[in-house]
Amino acid sequence: ASYLDPAFITFMIAMFSFITVLHLIIKRFPKTSLLKKMAWGSVGGVITGFQNYLKDSLTIFKATRRDGGPLPALFYLFFILAMTTGFAGLLCLSACMKRYDATYASAMFVVSFVITASSMSAVHYHTFADIGGERAIVMYLLGLCILIYGATILVKPKAAACLPDKGSDHSQI
């Protein structure tokens, strides 16, 4: 797993571009826009999906402790990035929950997190190379599709209930 691998660099550029687009949508679209709602729901999961920093910092920690030497500066950089991406993603989730339904926010967070973390592991750690054949890859991708479909069921706008407002008393009419 190399941070200088062209596929990984391309992936990182694409992800930072996607986060920038989500940010622009959040800033420029009206609050009632479905696109803005989707952006708020997705941005936290996308940021938190950068789990490579956590895995790589723990790998460095384990290798260094086994050899008995001091921790290199790269460990601290990766560890700080792991904490930052996790905390920033959860802050975005919290901000989304303040604006929108918690069921929607958590569903979008989980889907964007799983897709980002899966993509990251495929690009950075080549997980599909060791997954064990075409059937396993199909099942893995089918699982992702089921996850996305389940989130769309939770996210679909519900029809407004035909109940009177809590503030009005219709019994006196």
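1. Tyr 76, Phe 79, Ile 80 and Met 83 together make a nonpolar surface patch of about 400 Å². Of these residues, Ile 80 can be placed in helix H4, which covers residues 73-99. Ile 80 counts as partly exposed because its relative accessibility is 49%, and the exposed class begins only over 50%. The model is a predicted one, and the remarks here should be read with that in mind.

2. On the overall fold, the protein has six helices and zero strands. Read from the N terminus on, the order of elements is α-α-α-α-α-α. Among contacts between residues at least 6 apart in sequence, 69% join residues at least 24 apart.

3. On surface and burial, the accessible surface of the protein comes to about 11,200 Å². Carbon and sulfur atoms account for 70% of that surface. The protein has 173 residues, of which 33% count as buried.

4. A second patch, this one positive, is formed on the surface by Lys 27, Lys 31, Lys 98 and Arg 99. Which loop holds Lys 31? Lys 31 is found between helix H1, residues 6-28, and helix H2, residues 34-48. With a relative accessible area of 51%, Lys 31 is classed as exposed, since the limit for that class is over 50%.

5. The surroundings of Lys 31 deserve a separate point. Once neighbours within four places in sequence are left aside, Lys 31 is in contact with Lys 36, Arg 99 and Tyr 100. Arg 99 is also a member of the positive patch. Along the chain, Lys 31 and Arg 99 are 68 residues apart, and their C-alpha atoms are separated by 8.8 Å.

6. Another pair to check is Lys 55 and Phe 78. The two are 23 residues apart along the chain, with a separation of 8.9 Å between their C-alpha atoms. Lys 55 lies in helix H3, which spans residues 52-67. Is Lys 55 buried or partly exposed? Its relative accessible area is 43%, so Lys 55 is partly exposed.

7. Ser 118 lies in helix H5. Its relative accessible area is 10% and Ser 118 is therefore buried, the cut-off being under 20%. Which residues does Ser 118 touch, leaving aside its neighbours within four places in sequence? Ser 118 is in contact with Tyr 140 and Leu 144. The helix that follows in the numbering, H6, covers residues 134-155.

8. The backbone at His 126 should be looked at. His 126 is not a glycine, yet its phi is positive, at about 55 degrees. The residue is found in the loop between helix H5, residues 102-124, and helix H6, residues 134-155. His 126 counts as partly exposed because its relative accessibility is 44%, a value between the limits of 20% for buried and 50% for exposed.

9. To draw the accessibility points together: Ser 118 is buried at 10%, while Lys 31 is exposed at 51%. Partly exposed residues include Ile 80 at 49%, Lys 55 at 43% and His 126 at 44%. As for location, Ile 80 is in helix H4 and Lys 55 in helix H3, whereas Lys 31 is in the loop between H1 and H2.

Definitions and conventions: Residues are numbered from 1 along each chain as its sequence is written. This is a predicted model: local features need pLDDT of at least 70, side-chain atom pairs count only at pLDDT 80 or more; totals for chains, interfaces and linings use all residues. Side-chain values use heavy atoms; hydrogens and water are left out. Patches are made of residues with over 30% relative accessible area and no salt bridge: like charges are joined within 9 Å, nonpolar side chains (Val, Leu, Ile, Met, Phe, Trp, Tyr) within 5 Å. Accessible areas come from the Shrake-Rupley method with a 1.4 Å probe; for residues, only the protein chains shown count as cover. A salt bridge is a side-chain nitrogen of Lys or Arg within 4 Å of a carboxyl oxygen of Asp or Glu. Lys and Arg count as positive and Asp and Glu as negative; His and the chain ends are not counted. The place of a charge is taken as NZ of Lys, CZ of Arg, CG of Asp or CD of Glu. Helices (H or I, at least four residues) and strands (E, at least two) are DSSP runs, numbered from the N terminus. Buried means under 20% relative accessible area, exposed over 50%, partly exposed in between (1.4 Å probe, protein chains only). Contact means heavy atoms within 4.5 Å.
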